[in-house]
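Here are my notes for you to read with the model open beside them. Take the points one at a time and find each spot on screen as you go.

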Amino acid sequence: MAILNVKDIFHDLHQIPEIGFQEFKTSAYLADKLRELGYKVTTNVGGTGVVGVVKGAEPGPVMLLRADMDALPFVINGEHKAIHACGHDAHCSMVLAAASNLKDKIKKGTLKILFQQGEETLKGALAVIDAGVLEDVDIAVGLHIRPVQDLPFGKLSPAVRHASSTFAKVKITGQSCHGSRPHLGVNAVEAAAAVINAASGVRINPVISWSCKATAVNGGGNAYNIIPDHAEITFDVRCQENEGMTELLGKLQKAAENVAAAYGATAEFSLPGGVIPAAVLDKELTAEVAECIKEVVGEENLGEELVNPGGEDFHYFAKTYPKLKSAYFGVGVAAEPGLHDPNMHFNIDGLQAGVEVLEKITLKKLG
Ligand SMILES: [Zn+2]
Ligand SMILES: [Zn+2]
């Protein structure tokens, strides 16, 4: 089959945005293309995931190229809409275009193409891990388009270092009573306010970048004259390093429990979304990606490594399989006004460089 053009694929995928775990048309499209190219294809992997495999004649490593498939849900003028505001359609386009060119060039080892569902739900990577996709993988490469603030058009960054991120819930239980006799109860809303203040006193080594802040609080009822017995706080917590994240969450939990106790209330601490791991990228592989970028766009267009306080569930792969070597690079396409904005748009002329970097790094390992 002919080599696929990244722009043509993008035009097709951009028309069918679907939210996480509902990428039915997207995964069917990608699976069909992979089959036509001659890949051995598995569908419904951990939900809507798609895996395509091609093996070389000689033994060698198993290398995975991963693109996420999902769009984001928005409500615009009262209408629910899925929009590719994070550029995942661009990622699938780059990986599929690379796969079309790589199919007949794999001499050793195994190339696995993964179109992963539900990245924005932060459950997609875990679903494909549970499905066993990563079990035999030695090398994994992911990529993301970058907003113009991160990386100018035409430049590529060899590493996007995402933070560990999570949201913590603190459920506070007090004792309700009549508003005229507050000494007979325990005011959960007051305890919640104190917990929020205490959280701003939580600190870890400032050399590591991190943040911990309340982003939602709900409590009490509709009556002004009842001392409320319940309140719930949500904290958004981020840290560039996994160890720092563990320390931060431990301190936040302790602060919440102890401050609530000082008010006579109890605090129940939970992490309902799990903890997205920080990027732990392989040094050598990242250096090889940087070489590939230089070969494709010249040294002048090799961007800096990017530190990104956002989360990316790709990093569950290396966290789950510590021997797996992973790289994650950024593609400068001048995305504006920013990712996750419903009006996000970018220059698709920047995608071909991403395709070629994927091809080069793959052929360094399997060619
Ligand atoms: Zn996103
Ligand atoms: Zn994204």
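The points below deal with the metal site and then the aromatic rings.

1. Before anything else, keep in mind that this is a predicted model.

2. Start with the zinc ion (ligand 1). Its protein donors are Cys86 through SG, Glu120 through OE and His340 through NE2, and they lie 2.0 to 2.2 Å from the ion. Along the sequence, these donor residues follow the spacing C-x33-E-x219-H.

3. Now look for the second metal. Cysteine 86 bridges the zinc ion (ligand 1) and the zinc ion (ligand 2), and the two ions lie 3.1 Å apart. Cysteine 86 sits in the loop between β5 (79–83) and α3 (88–102), while glutamate 120 sits in the loop between β6 (108–116) and α4 (124–130), so this pair ties together parts that are 34 residues apart in sequence.

4. Are these two donors buried or exposed? Cysteine 86 has a relative accessible area of 6%, so it is buried, the cut-off being under 20%. Glutamate 120 is at 22%, which makes it partly exposed.

5. On to the rings: the count comes to 3 aromatic pairs. In one of them, phenylalanine 10 meets phenylalanine 346 edge-to-face, at 5.4 Å centre to centre and with 75 degrees between the planes. Phenylalanine 10 belongs to helix α1 (residues 6–14) and phenylalanine 346 to the loop between β17 (325–335) and α9 (351–366), so the pair ties together parts 336 residues apart in sequence. Both phenylalanines, 10 and 346, are buried.

6. Last one: find Phe314, Phe317 and Tyr328, which form one aromatic cluster.

Technical notes. Residues numbered from 1 in each chain as written. Chains lettered and ligands numbered in written order. Predicted model: local features only at pLDDT ≥ 70, side-chain atom pairs only at ≥ 80, totals over all residues. Heavy atoms only, no water. Donors = N, O, S within 2.8 Å, 3.2 Å for Na, K, Ca; no water. Helix = DSSP H or I, 4+ residues; strand = E, 2+ residues; numbered from the N terminus. Buried < 20%, exposed > 50% of the residue type's maximum accessible area, 1.4 Å probe, protein only. Phe/Tyr/Trp six-rings, centres within 6.5 Å; stacked < 30°, edge-to-face > 60°.
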